[in-house]
Amino acid sequence: MAKREIVRFGEEVLRQKCAEVTEFNEELWELLDDMYETMCAANGVGLAAPQVGELLRVVVIDVDDKNGRIELINPVIAGMRGKQTDSEGCLSHPGKYGYVERPAKVKVKARDRYGKPVSYIGTGLLARAFCHEVDHLNGILFADKVIEWIEEEQK
Ligand code: NI
């Protein structure tokens, strides 16, 4: 595993639509492992491939719950219910936090690293992470959705 550099807000790669993964090979596994290491080193709970400069539909999430490390390849939001508004940040936007409205409960369908279909249901922070990271794959950033920015001193 190796840590990769995190792309910052303002770079064009964060605004591209990512391509579907078609080959579940060692190159993908290396990307997943590198992304996980990069995310943990930055104390993040989610990271999408464009944030390390790879335009692929690949996400890693770990909100420190019973699911542990979640890997999503070609994820699709398959269902959502309710609403929640909470503070959110992004590793590509260090030091910035703002309130974003998200669904309260989210079902996501994806493939695992071997190409096997998987699905997860998340509430709270996990539901937010699913939406935030899938947005990244479509070039959408949390900053686009912030209702109100949180001032630095309130953090
Ligand atoms: Ni992000």
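1. A word on terms before anything else: buried means under 20% relative accessible area, exposed means over 50%, and partly exposed is whatever lies in between. Lysine 145 has a relative accessible area of 34%, so it goes down as partly exposed. Keep in mind as you read on that this is a predicted model.

2. Lysine 145 has a partner: its side chain meets that of aspartate 135 in a salt bridge, 2.7 Å from N to O. Aspartate 135 sits in helix H2, while lysine 145 is in the loop between H2 and strand E8 (148-149), and the two are 10 residues apart. Unlike its partly exposed partner, aspartate 135 counts as buried, because its relative accessible area is 10%.

3. That pair belongs to something wider. Salt bridges with shared partners join Asp135 and Lys145 with Glu88, Arg102 and Arg128 into one network. For context, a search of the whole structure turns up 11 salt bridges.

4. Staying with the network, have a look at glutamate 88 and arginine 128, whose side chains form a salt bridge at 2.8 Å, N to O. Glutamate 88 comes from strand E4 and arginine 128 from helix H2, so this contact ties together parts that are 40 residues apart in sequence. Both glutamate 88 and arginine 128 are buried.

5. Another salt bridge I'd point you to is the one between glutamate 71 and arginine 113, where the closest N and O atoms are 2.9 Å apart. This one also links distant parts of the chain: glutamate 71 is in strand E3 (residues 70-81), and arginine 113 is in the loop between strand E6 (105-111) and strand E7 (117-123), 42 residues apart. Glutamate 71 and arginine 113 are both buried.

6. Now the metal. Which protein atoms serve as donors to the nickel ion? They are SG of Cys90, NE2 of His132 and NE2 of His136, at 2.1 to 2.2 Å from the ion. Along the sequence, the spacing of the donor residues reads C-x41-H-x3-H. Cysteine 90 and histidine 132 link distant parts of the chain, with cysteine 90 in the loop between strand E4 (84-88) and strand E5 (98-102), histidine 132 in helix H2 (residues 124-137), and their positions 42 residues apart. Both cysteine 90 and histidine 132 are buried. Water is not among the atoms here, so the site may look incomplete.

7. On the surface, there is a patch of negative charge where Glu23, Glu26, Glu27 and Glu30 gather. Of these, glutamate 23 is placed in the segment before helix H1 (26-41). Its relative accessibility is 53%, so glutamate 23 counts as exposed.

8. Two backbone spots are worth a look, starting with asparagine 43. This residue is not a glycine, yet its phi is positive, at about 60°. Asparagine 43 falls in the loop between H1 and strand E1 (46-48), and it counts as exposed because its relative accessibility is 70%.

9. The other spot is asparagine 74, again a residue other than glycine with a positive phi, here near 50°. Where asparagine 43 belongs to a loop, asparagine 74 lies in strand E3. Is asparagine 74 buried or exposed? With 11% relative accessibility, asparagine 74 counts as buried.

Conventions. Residues are numbered from 1 along each chain as its sequence is written. This is a predicted model: local features need pLDDT of at least 70, side-chain atom pairs count only at pLDDT 80 or more; totals for chains, interfaces and linings use all residues. Side-chain values use heavy atoms; hydrogens and water are left out. Patches are made of residues with over 30% relative accessible area and no salt bridge: like charges are joined within 9 Å, nonpolar side chains (Val, Leu, Ile, Met, Phe, Trp, Tyr) within 5 Å. Accessible areas come from the Shrake-Rupley method with a 1.4 Å probe; for residues, only the protein chains shown count as cover. A salt bridge is a side-chain nitrogen of Lys or Arg within 4 Å of a carboxyl oxygen of Asp or Glu. Lys and Arg count as positive and Asp and Glu as negative; His and the chain ends are not counted. The place of a charge is taken as NZ of Lys, CZ of Arg, CG of Asp or CD of Glu. Helices (H or I, at least four residues) and strands (E, at least two) are DSSP runs, numbered from the N terminus. Buried means under 20% relative accessible area, exposed over 50%, partly exposed in between (1.4 Å probe, protein chains only). Donors are N, O and S atoms within 2.8 Å of the metal (3.2 Å for Na, K and Ca); water is not among the atoms, so sites may look incomplete.
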